[in-house]
Amino acid sequence: MGCQTSSVYCIALVKAKEINMQNVPNAYQSVEQLNRVEENGDHVNDSMDDFDGEYDAFAQNPNRDDYNMLTQVTDTSAAQARKGKDIQGIPWHRLNITREDYRLTRIMQYQNYENIPSSGDKVDKDCLPTAKGCQYYEFFHNTRLVKPTILHFQLRNLVWSTSKHDVYIMSNNSILHWSSLFHNLSEVLNFSGHITPTEKHAGCLLEGFTQTQISTMAVRDQFVVAGGFQGELICKRLDKPGVSFCTRTTFEDNAITNSIEIYDSMSGGVNFMASNNDCGVREYDLEKYQHINSFRFPWPVNHTSISPDRKLLTVLGDDLDGLIVDAHNGKVRL
């Protein structure tokens with residue numbers, strides 16, 4: 001299901017040179033120390049003087065609280081990175097481990113989750129090595145202000161980038177929008193209280209939902225669709241206040257919404273498809289908020305994608321084999 005990133009300092013698992021085994025005990029101790037940095041601001045506070053005069057800026061404005069101070073001093077710009085500042089804002093010079101040794105120690109410690117034993121090793125053998133030497137990305141900015149919260153490491157699509165500078169995340173009980181252009185964080189929708197739709201549509205639950213736990217979401221153009229642990233679906237337009245549509249896909253016990261895909265329909269409208277643990281896939285018209293189609297499969301469905309010509313679906317779930325099915329009637333093609 002992918003790498004579990006429970007710590008903000010979980011670094012990508014890459015092959016690198018062998019670590020000096022004599023330093024492993026100290027490295028493990030330093031890794032545990034580093035993993036506590038996020039919860040303990042001591043290391044960050046001790047490093048303020050090194051961060052390009054940002055401490056002086058804080059001293060001139062004593063009304064800013066400690067959280068904003070820590071966020072400010074740990075943000076990293078491209079200019080600062082070029083001068084040698086760590087892109088994650090980690091004060092490595094204050095720790096008893098280097099970034100390189102931490103990466104290697106993390107590789108040694110971390111056990112990736114696999115629901116198919118040894119599948120990761122098989123993929124490593126089958127896949128060709130990645131060509132090196134080219135620069136595909138350039139670091140721009142890192143902020144600690146934006147902190148996604150994911151209830152379980154198997155949940156999907158709780159971070160969405162809709163443009164070069166717009167990011168939508170699930171944080172605690174809210175969907176937040178972060179503009180990297182304006183460095184502005186705003187709340188889009190809060191699920192901690194009672195949500196009721198402001199529009200009336202057939203099949204809409206006018207009573208809404210209370211304290212909905214969100215398991216997945218999708219953001220595209222002006223639409224946001226969020227799915228819940230109990231089969232809830234909540235639709236909102238970004239250009240309108242309030243919630244447009246609420247419904248529940250199923251009342252079965254195992255009803256978690258695993259993924260949502262928004263796409264252009266063959267008729268020129270906008271549809272979305274929800275995949276659930278009750279073995280169902282459901283298609284909705286996102287402009288009229290109407291249920292269009294449903295398909296059933298012999299196992300819980302984790303994700304469904306539609307082909308560019310809108311004729312086929314790729315369906316993946318709790319089975320070793322994925323399916324390619326007809327998008328109109330759900331018949332298996334492959």
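This report walks through the strands, cores and aromatic pairs of one protein chain. The model is predicted, so please read every value below as computed from that model.

## The sheet that begins with E3

Let us start with a sheet. Four strands line up in the order E3-E4-E5-E6, forming an open sheet with antiparallel pairing. E3 and E6 stand at the edges with a single partner strand each, so one side of each has no neighbour in the sheet. From one strand to its neighbour, the average turn is 20 degrees, direction ignored.

Within this sheet, strand E5 (residues 174–179) runs antiparallel to E6, and six bridges join the two. Which residue of E6 is the bridge partner of isoleucine 175? It is leucine 189.

## Two nonpolar cores

Isoleucine 175 and leucine 189 turn up again when we look inside the protein. Ile175, Leu189, Phe191 and Ile234 are the residues with the most contacts inside the largest nonpolar core, which has 19 residues. At least two residues of this core come from each of strand E4 (166–171), strand E6 (184–190), strand E9 (214–220) and strand E10 (223–228). E9 gives the most, with three residues.

It is worth finding isoleucine 175 in the structure and looking around it. Leaving out residues up to four places away in sequence, isoleucine 175 touches a list of residues that includes Tyr168, Met170, Val188, Leu189, Phe191, Met217, Val224 and Ala226. There is also a second, separate core of 15 residues, and among its members are Ala218, Val270, Phe272 and Tyr289.

## Strand E10 and its two partners

Is E10 mostly covered or mostly uncovered? E10 is mostly covered, since six of its six residues are buried. In a regular strand, side chains alternate between the two faces of the sheet. Here Phe223, Val225 and Gly227 point one way from E10, while Val224, Ala226 and Gly228 point the other way, and all of them are buried.

E10 has a partner strand before it and another after it. Six bridges join E9 to E10, and these strands run antiparallel; methionine 217 has alanine 226 in E10 as its bridge partner. The two strands form a hairpin with two residues between them, where aspartate 221 takes a positive phi near 55 degrees.

Moving on, E10 is joined by five bridges to strand E11 (residues 232–237), again antiparallel. Valine 225 stands opposite cysteine 235 in E11. The hairpin of E10 and E11 has three residues between the strands, and glycine 231 there takes a positive phi near 80 degrees.

## Further along the chain

Another open sheet has four strands in the order E13-E14-E15-E16, with antiparallel pairing. Its edge strands are strand E13 (257–264) and strand E16 (290–296), and each pairs on one side only. The twist averages 20 degrees from one strand to the next. Inside the sheet, strand E14 (residues 270–276) is joined to strand E15 (residues 280–285) by five bridges, and alanine 274 has arginine 282 in E15 as its bridge partner.

Strand E18 (residues 312–317) and strand E19 (residues 323–326) run antiparallel, joined by four bridges. They form a hairpin with five residues between them, and threonine 314 stands opposite isoleucine 324 in E19.

## Aromatic pairs

How many aromatic pairs does a search of the whole structure find? It finds five. The table shows two of them.

| Pair | Centre to centre | Angle between planes | Type |
|---|---|---|---|
| Tryptophan 92 and tyrosine 102 | 5.9 Å | 50 degrees | tilted |
| Tyrosine 113 and phenylalanine 153 | 5.2 Å | 75 degrees | edge-to-face |

Tryptophan 92 sits in the loop between helix H5 (78–82) and helix H6 (99–109), and tyrosine 102 is in helix H6. Tryptophan 92 is buried, because its relative accessible area of 13% is under the 20% limit. Tyrosine 102, at 0%, counts as buried too.

Tyrosine 113 lies in the loop between H6 and helix H7 (119–126) and phenylalanine 153 in the loop between strand E2 (141–142) and strand E3 (159–161), so this pair ties together parts 40 residues apart in sequence. Tyrosine 113 is partly exposed at 34% relative accessibility, and phenylalanine 153 is partly exposed at 26%.

Tryptophan 92 has one more link to helix H6. Arginine 99 lies in that helix, and its contacts beyond four places in sequence are Asp86, Ile87, Gln88 and Trp92. The side chains of arginine 99 and aspartate 86 make a polar contact at 2.4 Å.

Conventions. Residues numbered from 1 in each chain as written. Predicted model: local features only at pLDDT ≥ 70, side-chain atom pairs only at ≥ 80, totals over all residues. Heavy atoms only, no water. Core = buried A, V, L, I, M, F, W, Y, C linked by side-chain atoms within 4.5 Å. Buried < 20%, exposed > 50% of the residue type's maximum accessible area, 1.4 Å probe, protein only. Contact = heavy atoms within 4.5 Å. Pairing = 2+ DSSP bridges. Axes fitted to C-alpha atoms, helices over the stretch in contact; angles between N-to-C directions. Phe/Tyr/Trp six-rings, centres within 6.5 Å; stacked < 30°, edge-to-face > 60°. Polar contact = N/O pair within 3.5 Å; in protein donor to acceptor, adjacent residues only side chain to side chain.
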